[in-house]
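Here is a short tour of one protein model for the bench. Have a look at the sequence and the fold first, and then we can walk through the parts together.

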Amino acid sequence: EDKKMLEEDIKELEGFDYELAEGSLVPGHTLSAKMLESLTDVGQANNNFSVKILDDKANDVTHNYEITTSVGLLTVTKRYITITSASDEKTYDGEELTKHDYEITNGSILTSHKVSIDWKGAITNVGEVENEFEVTILDKNDVDVTHNYEITKEFGNLKVNKKELEITSGSSGKEYDGTDLSCHEYEITSG
């Protein structure tokens, strides 16, 4: 098979496999193929190569053969991951609610890579919003390698609940005298 996939760490993809599909070598001759292509990032490349045939004295006898080559294909596919942001909720206090926690809930990134999150989710007033974010995957040199990943984002929720408040107005009384009676006193009795 002419392709390999990225494993736990980045490896440059090189097609070392070749086979003699038809014909045979003269006894004592050996075939040597030098692979000319490699691939690290997501994509495809022809697995171009050069061929040399040596006799038993290590002389190049390639010119004595009619060689037809078929080029294989090197393919590196995207790595699939799912990143899920955390949820949080609180009672209204006039302060902004954020939650900057996440988890990779499916798949994994390479051990030499790191996740960088740009948080968008925030709420201050009563209501509910998604804990949105943008993702960048960086290699050990802080180079953006996000294009090598297929990222699914799942957003948690940020919720601000109403603050319960009980207010009791003051009481007042008088005998009728033809003027308005009012009482401007109140008391927060709960909340």
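Contact here means heavy atoms within 4.5 Å. With that in hand, please keep in mind that this is a predicted model. The briefing visits two open sheets of three strands, one in the order 9-7-13 and one in the order 8-14-11. It then turns to a nonpolar core of 12 residues, the aromatic pairs, of which the structure holds two, and a threonine in a loop, Thr146.

**The sheet around strand 7**

- The strand order in this open sheet is 9-7-13, and the pairing is mixed.
- Strand 9 and strand 13 are the edge strands with a single partner strand each, so each has one side without a neighbour in the sheet.
- From one strand to the next, the twist averages 30°.
- Strand 7 and strand 13 run parallel and are joined by six bridges.
- On its other pairing, strand 7 meets strand 9 (residues 102-106) in the antiparallel sense, over four bridges.
- Ile83 is a handy landmark: Lys153 in strand 13 stands opposite this residue, and Ile104 is its bridge partner in strand 9.
- Ser85 offers another landmark, standing opposite Tyr102 in strand 9.
- How much of strand 7 is buried? Six of the seven residues of strand 7 (residues 79-85) are buried, so the strand is largely enclosed by the rest of the structure.
- As general background, strands of a sheet pair through backbone hydrogen bonds, in either a parallel or an antiparallel sense.

**The sheet around strand 14**

- Here the open sheet of three strands follows the order 8-14-11, again with mixed pairing.
- Strand 8 (88-91) and strand 11 (127-130) form the edges, and each of them pairs on one side only.
- On average, neighbouring strands of this sheet are turned by 10° against each other, direction ignored.
- Strand 8 pairs with strand 14 (residues 157-161) in the parallel sense, over four bridges.
- One such bridge matches Thr91 with Asn161 in strand 14.
- Val160 belongs to strand 14, and its relative accessibility of 2% makes it count as buried.
- Which residues does Val160 touch, leaving aside its neighbours within four places in sequence? Val160 is in contact with Lys90, Thr91, Tyr92, Leu97, Ile123, Thr124, Asn125, Val126 and Gly127.
- The C-alpha atoms of Val160 and Asp93 are separated by 8.8 Å, although the two residues are 67 residues apart along the chain.

**The nonpolar core**

- The largest nonpolar core has 12 residues, among them Ile81, Ile83, Trp119, Phe133, Val135 and Tyr149.
- At least two residues of this core come from each of strand 7, strand 10 (114-119) and strand 12.
- Ile81, one of the core residues, is in contact with Asn106, Gly107, Ser108, Ile109, Ile137, Tyr149, Glu150, Ile151 and Thr152, leaving aside its neighbours within four places in sequence.

**Aromatic rings**

- The structure holds two aromatic pairs.
- One pair is formed by Phe133 and Phe155, which meet edge-to-face with 5.2 Å centre to centre and 85° between the planes.
- This pair links distant parts of the chain, with Phe133 in strand 12 and Phe155 in the loop between strand 13 and strand 14, 22 residues apart.
- Are the two partners buried or exposed? Phe133 is buried, with a relative accessible area of 1%, whereas Phe155 is partly exposed at 27%.
- Ring pairs bring Trp119 together with Phe133 and Phe155 in a cluster.

**A buried threonine in a loop**

- Thr146 sits in the loop between strand 12 (133-138) and strand 13 (149-154).
- Why does Thr146 count as buried? Its relative accessible area is 17%, and buried means under 20%.
- The side chain of Thr146 reaches the backbone nitrogen of Ile137 at 2.9 Å.
- Leaving aside its neighbours within four places in sequence, Thr146 is in contact with Val135, Thr136, Ile137 and Ile151.

How values were computed
Residues are numbered from 1 along each chain as its sequence is written. This is a predicted model: local features need pLDDT of at least 70, side-chain atom pairs count only at pLDDT 80 or more; totals for chains, interfaces and linings use all residues. Side-chain values use heavy atoms; hydrogens and water are left out. Two strands pair if DSSP finds at least two bridges between them. Axes are lines fitted to C-alpha atoms, for helices over the stretch in contact, and angles run from 0 to 180 degrees between N-to-C directions. Buried means under 20% relative accessible area, exposed over 50%, partly exposed in between (1.4 Å probe, protein chains only). A polar contact is a pair of N or O atoms within 3.5 Å; within protein, one must be able to donate a hydrogen and the other to accept it, and residues adjacent in sequence count only if both atoms are side-chain atoms. A nonpolar core is a set of buried Ala, Val, Leu, Ile, Met, Phe, Trp, Tyr and Cys residues joined through side-chain atoms within 4.5 Å. Rings of Phe, Tyr and Trp (its six-membered ring) pair if their centres lie within 6.5 Å; planes under 30 degrees apart count as stacked, over 60 as edge-to-face and the rest as tilted.
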